[in-house]
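Got your viewer open? Here is a short walk through the model, one selection at a time.

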Amino acid sequence: MIRKKCAAIVLAAGRGKRMQSHIPKQYLQIRGKPVLYYALKAFQDSFADRIVLVTAPEDMDFCRESIVEKYGFDKVKAIVPGGKERYHSVYEGIRAAGECDYLFIHDGARPFVTEDILRRAYSCVEKYGACVVGMPVKDTVKLADEEGFAASTPRRDLVWMVQTPQVFAYPLIKAAYTLLMEQEEELLEKGIRITDDAMVVEAFTDQRVRLEEGSYKNIKITTPEDLKIAESLNDF
């Protein structure tokens with residue numbers, strides 16, 4: 001089977017306020033290497049053809065010299081500055097990725113993405129055109145009202161924790177993000193907050209997004225507790 005051309009955007013422009021550290025979470029170390037290293041290595045060793053790394057403008061030289069060049073990540077073809085919000089950074093990554101068949105969008109603070117997850121996501125996007133990896137929740141979930149009282153209880157078997165990568169046919173995600181940027185002011189005025197890429201596709205296209213199993217270990221490093229959990233796992 002001939003695999004179609006795949007590009008990956010790895011997002012590393014966030015500042016990670018919940019980490020309570022002056023060092024952005026993606027540069028904190030796990031077993032002697034930055035968190036971002038592990039996300040980039042997963043795509044470097046995968047079937048992806050090229051990687052676009054999105055960082056804060058002031059971190060571009062550091063990422064190039066101390067991560068990309070140091071560890072020989074030659075699939076990183078561009079390092080571009082991110083924007084104020086996550087969706088701004090994704091948009092810049094899409095612009096830099098160039099034409100491809102499928103685009104993987106991954107948070108650089110998720111170091112436990114694996115080849116198996118990437119292959120499952122590829123098979124899923126090839127079949128459905130839009131795919132998000134995640135896992136079914138283990139706990140009962142309550143939806144709250146605006147006053148903080150329980151309003152409803154969704155069926156647990158239908159509720160998923162969404163992870164990355166989120167993977168889309170390139171023309172689809174490019175068109176959706178183009179519309180988002182054109183209508184950004186209108187969305188902000190309505191108080192609509194874009195939190196992930198699937199939400200953009202859901203809002204601006206009629207494409208359904210398929211959920212595909214990721215891993216309970218595919219955690220995002222967000223708090224000091226997450227860093228301790230990552231150190232304890234034996235998946236590196």
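A residue counts as buried under 20% relative accessible area, as exposed over 50%, and as partly exposed in between. Keep in mind that this is a predicted model.

**Stop one: an aromatic pair.** Select Tyr 27 and Phe 62. At 36% relative accessibility, Phe 62 falls in between the two cut-offs, so call it partly exposed. Tyr 27, with a relative accessible area of 10%, is buried. The structure has nine aromatic pairs, and Tyr 27 with Phe 62 is an edge-to-face one: 5.2 Å centre to centre, with 75° between the planes. Tyr 27 sits in the loop between strand S1 (6-12) and S2, while Phe 62 belongs to helix H2 (residues 60-69), so the pair links distant parts of the chain, 35 residues apart.

**Stop two: another pair, and its company.** Now pick Tyr 102 and Tyr 122. Their ring centres are 5.7 Å apart and their planes stand at 90°, so this pair is edge-to-face. Tyr 102 is in strand S6 (residues 102-107) and Tyr 122 is in helix H4 (residues 115-128), so the pair ties together parts 20 residues apart in sequence. Both tyrosines are buried. Add Phe 43, Phe 47 and Phe 104 to your selection, and together with Tyr 102 and Tyr 122 you have one aromatic cluster.

**Stop three: helix H8.** Select residues 224-232, which make up H8. Asp 226, Leu 227 and Ala 230 are buried here. Look down the helix axis: the buried residues fall within an arc of 100°, so they line one face of H8. Why would residues spaced like that share a face? An α-helix has 3.6 residues a turn, so residues three or four places apart point the same way. On the other side of H8 you'll find Glu 225, Lys 228 and Ser 232 exposed. Show strand S2 (29-30) and helix H1 (35-44) too, as they are among what covers the buried residues of H8.

**Stop four: cysteines.** How many disulfides does a search of the whole structure find? Zero. Click on Cys 6: its sulfur is 7.4 Å from the closest cysteine sulfur, in Cys 100, which is too far for a bond. Then try Cys 131, where the nearest cysteine sulfur, that of Cys 124, is 3.2 Å away, and there is no disulfide here either. Cys 6 is buried, at 0% relative accessibility, and Cys 131 is buried with a relative accessible area of 0%.

**Last stop: Glu 184.** Find Glu 184 in helix H6 (residues 184-189). Glu 184 is buried but has no salt bridge, and the nearest side chain of opposite charge, Lys 84, is 7.8 Å away. Show Tyr 87 and His 88 as well: Glu 184 touches both.

Notes
Residues are numbered from 1 along each chain as its sequence is written. This is a predicted model: local features need pLDDT of at least 70, side-chain atom pairs count only at pLDDT 80 or more; totals for chains, interfaces and linings use all residues. Side-chain values use heavy atoms; hydrogens and water are left out. Helices (H or I, at least four residues) and strands (E, at least two) are DSSP runs, numbered from the N terminus. Buried means under 20% relative accessible area, exposed over 50%, partly exposed in between (1.4 Å probe, protein chains only). Lys and Arg count as positive and Asp and Glu as negative; His and the chain ends are not counted. A salt bridge is a side-chain nitrogen of Lys or Arg within 4 Å of a carboxyl oxygen of Asp or Glu. Contact means heavy atoms within 4.5 Å. The arc is that of the directions from the helix axis to the C-beta atoms. A disulfide is a pair of cysteine sulfur atoms within 2.5 Å. Rings of Phe, Tyr and Trp (its six-membered ring) pair if their centres lie within 6.5 Å; planes under 30 degrees apart count as stacked, over 60 as edge-to-face and the rest as tilted.
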